[in-house]
Every structure is written in structure tokens, then in C-alpha cells.
Amino acid sequence: MPVIEIEHLTKDYGHNRGIFDISFSINKGEVYGFLGPNGAGKTTTIRHIMGFSRPQQGHTLVNGLNSWERASDIQRELGYLPGEIALPEALTGTQFIKMMAELRGITDMTHTQALIKKFELDPSGSLKRMSLGMKRKLAIVTAFMHDPAVLVLDEPTSGLDPMMQALFIDFIKEEKEKGKTILLSSHIFSEIDATCDKISIIKDGRLISSFVANDLRHNEIKTFKLEFKSEEAFNGFNVDVNAQQEIEVLSLSPHKHQAIVSINDNQINRFISFISDYDLKFFSEKKFTLEDYFMKFYDRSSNATGGAQPNAIHRN
Ligand SMILES: Nc1ncnc2c1ncn2[C@@H]1O[C@H](COP(=O)(O)OP(=O)(O)OP(=O)(O)O)[C@@H](O)[C@H]1O
Ligand SMILES: [Mg+2]
């Protein structure tokens with residue numbers, strides 16, 4: 001049984017806003033990246049998982065429990081880091097931590113103290129005057145203080161300085177080692193790349209891609225840029241390449257005598273033998289990275305649904 005299951009989740013706010021028919025699931029021990037541009041629907045989905053919002057259609061389950069029906073159990077057990085942190089301004093950080101500890105029935109504060117130290121949090125000041133980064137650290141400490149097995153983190157590092165972001169990434173890796181199940185929404189590519197096993201991308205309230213991160217890291221399709229020494233060599237290549245089934249021409253720049261092609265990794269020897277018949281100035285591999293893949297979805301002018309799509313995750 002998956003730890004987190006989202007099935008056909010829909011919340012229509014009107015005017016094409018909201019989330020529509022979202023389905024994905026997270027197994028025990030997985031770190032699951034949830035990506036998408038501003039307003040895509042990440043926070044809305046996450047709030048349903050936490051039981052703060054009632055679905056119009058579909059449902060979310062955590063360890064088999066319906067989020068909406070069992071909201072208080074879920075909110076007590078899960079580690080949750082909200083995207084927009086709203087803290088009671090009248091309290092100091094220390095008072096807030098104490099309040100959260102009581103709520104969760106924590107009596108031994110050793111783990112909490114270790115987190116405070118790790119993230120260099122000074123909780124003594126009033127929440128009203130705390131900087132954004134300090135509030136984020138406080139939210140991290142309270143999300144992890146009861147050592148939860150399941151964590152739902154909505155842009156956990158926004159507002160943290162680069163050192164703290166790096167520290168947080170290491171911390172997530174350690175938690176993963178301990179077998180924690182983590183949903184992580186983020187805009188920060190390096191954070192997702194360093195931590196996630198699986199990734200879903202949401203855009204305009206719809207899930208447009210779900211995949212295993214390693215499939216993309218070990219993408220077998222390679223892209224090469226070629227430049228020929230003469231027009232004659234370029235033209236010769238351009239005609240003959242049509243008969244080469246394994247080579248896909250992605251673009252041509254005749255005036256520069258350049259071509260961009262893609263081939264499967266296992267055809268590399270045939271490819272090199274083919275192009276060596278033409279007078280080449282250079283050829284170089286253009287790395288297609290996870291980051292290139294993500295950037296396509298942030299491009300508002302594009303309707304990308306993932307051209308070089310790695311194997312999609314099949315739901316069971
Ligand atoms: N309570 C609400 N009432 C009406 N519309 C809402 C409500 N909550 C969210 N929306 C709309 O739903 C869409 C998704 O918002 P959401 O906050 O889930 O996006 P997000 O992916 O978390 O974005 P960001 O990266 O900016 O945090 C947006 O168009 C937003 O304006
Ligand atoms: Mg959000």
C-alpha cells in the first residue's frame with residue numbers, strides 16, 4: 001500500500017483555477033518531488049493531503065486513511081511544512097515550540113534541541129519580529145520535532161540562505177536513509193535533483209508528467225551539434241542523413257553549416273562512422289539534463305508535455 005495516494009483529486013475554483021483530476025502515489029521510503037510554476041496547484045494539492053481542504057472529486061489517502069475524514073489524526077502525525085507560514089505573532093519562538101511539543105505529546109526535548117542547534121535557530125525572539133528565514137527554520141524544527149515517518153514539505157527552503165539550503169538538502173538525504181517518506185514541493189532544481197526518487201510536474205492544475213528521476217539522469221538519447229567545414233560537406237550530410245534511420249535531425253543552420261541531431265546511445269559507433277565520411281569542423285555532445293527538462297515546463301509560451309519523455313510511472 002502506498003503511504004500517500006492521491007486519486008482523481010479535483011478542486012475547481014472557477015475561471016480554470018484549481019486542480020483537476022490529479023493522481024499519483026508515494027511509496028514508503030521515497031522522496032517525491034512536486035514541481036510546477038507559480039499558481040500551478042502544488043499548495044492546493046498539499047492542503048488536501050493534510051486534510052485542510054475538502055475535495056470536490058476524488059480523494060487523498062495517507063496510510064490508507066482518508067485525509068478529509070481523518071484530518072486531525074493526519075495533522076497530528078505527519079510532519080508538515082506549510083508554503084505560507086502563518087505563526088501566532090503574540091508568542092515567542094520558544095513558546096511556539098513548547099506549544100507544538102505539548103500538542104504532540106513530546107516530553108523529551110532532546111531531538112528538538114538537536115534540530116534547533118543544527119539549523120542555528122534562535123527561537124527566543126517574538127514571532128512578530130522574526131525574519132522570514134528564521135520563521136522558516138522554526139517551521140522546519142516543528143515539522144520534524146516528533147520524528148515523523150511521513151513528511152509533506154511545501155517549498156521548505158524558500159527564504160533560507162544558500163548555506164542553510166545545502167544543510168537542509170543533506171538533512172533530507174539523512175531522513176531518506178532512515179526510511180522516511182517525503183513529499184517535497186520546490187522550484188529549486190538542485191534541491192529536487194539531489195534528493196528525489198520520483199518527480200511529478202503540475203501545470204495549470206493538471207499533472208503533465210510523472211517519472212522516475214534516474215530514468216532522466218541516465219537518458220539514453222544523446223544530442224550532438226555538428227559543424228561541417230564546407231557547404232558541400234553540409235549538403236552531402238543533409239541528403240545522406242535521410243537514409244540513416246537511427247539519426248534524428250532536430251535542426252539545421254545551412255548558413256553556418258551546422259546541424260543538431262539526436263541518436264540513441266547504443267548507435268554511437270554507427271553514428272561516428274557515418275559522420276566521419278564528411279568534412280567535419282567539430283562535433284560536440286549537448287547534454288540534455290534534468291534541468292533542461294524542467295525548464296521546458298516553466299516556459300509559459302510552450303505547451304510542452306515532455307517531448308523527450310522518460311518512462312512514465314505506471315500507476316498500479
Ligand atoms: N482558496 C482559494 N480560492 C480561490 N482560488 C484559489 C484558492 N487557493 C488557490 N487558488 C488558485 O488555485 C491555483 C493554484 O494555487 P496554488 O497555491 O495551489 O499554486 P502553487 O503551485 O502552490 O503556486 P506557488 O508556486 O506560487 O506556491 C491558483 O490559480 C490560485 O489562485
Ligand atoms: Mg504554493
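## Close-up views of a predicted model

**View 1. Side chains reaching for ligand 1.** An oxygen atom of ligand 1 sits 3.0 Å from an N or O atom in the side chain of N38. Keep in mind while looking around that this is a predicted model. R17 joins in too, with a polar side-chain atom 2.8 Å from an oxygen atom of ligand 1. Then there's H187, where a polar side-chain atom lies 3.0 Å from an oxygen atom of the ligand. On its own, ligand 1 would expose 640 Å², and the protein buries 65% of that.

**View 2. The shell around ligand 1.** Which elements give two or more residues to this shell? They are β2 (17-26) and α1 (42-49). The top contributor is α1, which supplies three residues. In total, 13 residues surround ligand 1, and R17, G39, K42, T43 and T44 come nearest. Sort the shell by residue type and you get three nonpolar, seven polar and three charged residues.

**View 3. A look at helix α1.** Is α1 largely enclosed or largely open? Six of its eight residues are buried, so α1 is largely enclosed by the rest of the structure. The buried ones are K42, T44, T45, I46, H48 and I49. K42 and T44 also turned up in the previous view, among the residues that come nearest to ligand 1. Just past the helix, look for G51, which takes a positive phi of about 80°.

**View 4. Two phenylalanines, one tilted pair.** The whole structure holds 16 aromatic pairs, and this view picks out the one formed by F224 and F283. A pair like this is described by the distance of the ring centres and the angle of the planes. For F224 and F283, the centres are 5.8 Å apart and the planes make an angle of 50°, so the pair counts as tilted, a label for angles that are neither under 30 degrees nor over 60. F224 belongs to strand β11 (residues 221-228) and F283 to strand β14 (residues 280-286), so their pairing ties together parts that are 59 residues apart in sequence. How covered are the two partners? F224 counts as buried, at 5% relative accessibility, whereas F283 counts as partly exposed, at 35%.

**View 5. An aromatic cluster and the two domains.** Here, five residues form one aromatic cluster: F228, F234, F237, F274 and Y278. To place them, step back to the whole chain, which is divided into domain 1 (4-213) and domain 2 (221-286). How far apart are the C-alpha centres of domain 1 and domain 2? They lie 47 Å from each other.

**View 6. D147, a loop residue with a positive phi.** D147 isn't a glycine, yet it has a positive phi of about 50°. You'll find D147 in the loop that runs between α5 (132-144) and β7 (150-154). With a relative accessibility of 40%, D147 counts as partly exposed.

**View 7. H257, another positive phi.** H257 is a residue other than glycine, and its phi is positive, near 60°. Where does H257 sit? Look in the loop between β12 (248-253) and β13 (258-264). Is H257 buried or exposed? It's buried, because its relative accessible area is 19% and the cut-off for buried is under 20%.

Definitions and conventions: Residues numbered from 1 in each chain as written. Chains lettered and ligands numbered in written order. Predicted model: local features only at pLDDT ≥ 70, side-chain atom pairs only at ≥ 80, totals over all residues. Heavy atoms only, no water. Near = heavy atom within 4 Å. Polar contact = N/O pair within 3.5 Å; in protein donor to acceptor, adjacent residues only side chain to side chain. Areas by Shrake-Rupley, 256 points an atom, 1.4 Å probe, with all protein chains shown as cover. Helix = DSSP H or I, 4+ residues; strand = E, 2+ residues; numbered from the N terminus. Nonpolar A, V, L, I, M, F, W, Y, C, P; charged D, E, K, R; others polar. Phe/Tyr/Trp six-rings, centres within 6.5 Å; stacked < 30°, edge-to-face > 60°. Buried < 20%, exposed > 50% of the residue type's maximum accessible area, 1.4 Å probe, protein only. Domains from an automatic or database assignment.
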